[in-house]
Amino acid sequence: MIRRKEQYNEAIALTVTEEVRIRFNETDALGIVWHGYYITYFEDGREAFGRKHGITYLDIAKSGYTTPIVKSICEHKLSLRYGDVIRVETSIVDTPAAKIIFRFKIFNSNNEIVCTGETVQVFLNKEGNLMLTNPPFYEEWKRKVGLLK
């Protein structure tokens, strides 16, 4: 398989870990987590990242923007079951583009990678217009966490 060269790097120093216990309602009749819930676990990771690094959805909204997801990738490796406790590792990709890219790794209690993924979010202003450059609040946040000089 030919892979495209990595354009931007993960900001590993900003990685956040969140534990999640698999709930009964997230499983199918066989007790296996339904594939759609992995995106929910990514959301848990994004929320934890935002709380730790000061860039929650509420922070973004207070600045006058929204960040809808325009792309999500989810690669399943192993199954999860009801009662499992997982670890969601979330990191941000340092890119100059006007978007937020998060990468995810989900581990089971045996420290095995269960799932990897990525989401891409863009910036919309109050009128719902796509921002082609990073909003000032995001540039300031990047400076604060060391992604911009």
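A salt bridge here is a side-chain nitrogen of Lys or Arg within 4 Å of a carboxyl oxygen of Asp or Glu. Keep in mind that this is a predicted model. Searching the whole structure turns up 7 salt bridges, and three of them are worth a walk-through, with helix 1 as the place to start.

Helix 1 covers residues 37-53, 17 residues in all. From first C-alpha to last it reaches 24 Å, close to the 24 Å expected at 1.5 Å a residue. Quite a few of its residues are buried, including Tyr-38, Phe-42, Arg-46, Phe-49 and His-53. Right after the helix comes Gly-54, with a positive phi near 70 degrees.

Here are the pairs, with the N to O distance for each:

| Acidic residue | Basic residue | N to O distance |
|---|---|---|
| Glu-43 | Arg-46 | 2.2 Å |
| Glu-118 | Arg-103 | 2.7 Å |
| Glu-18 | Arg-51 | 3.7 Å |

Glu-43 and Arg-46 sit in helix 1, 3 residues apart, or about one turn of the helix. Glu-43 is partly exposed at 24% relative accessible area, while Arg-46 is buried at 5%.

Next, Glu-18 and Arg-51 form a salt bridge. Glu-18 belongs to strand 2 (residues 16-21) and Arg-51 to helix 1, so this pair ties together parts 33 residues apart in sequence. Glu-18 is partly exposed, at 24%, whereas Arg-51 is exposed, at 52%.

What about Glu-118 and Arg-103: buried or exposed? Both are buried. Their side chains meet in a salt bridge. Glu-118 is in strand 6 (residues 113-122) and Arg-103 in strand 5 (residues 99-107), so the pair links parts 15 residues apart in sequence.

Methods
Residues are numbered from 1 along each chain as its sequence is written. This is a predicted model: local features need pLDDT of at least 70, side-chain atom pairs count only at pLDDT 80 or more; totals for chains, interfaces and linings use all residues. Side-chain values use heavy atoms; hydrogens and water are left out. Helices (H or I, at least four residues) and strands (E, at least two) are DSSP runs, numbered from the N terminus. The expected span of a helix is 1.5 Å times one less than its number of residues. Buried means under 20% relative accessible area, exposed over 50%, partly exposed in between (1.4 Å probe, protein chains only).
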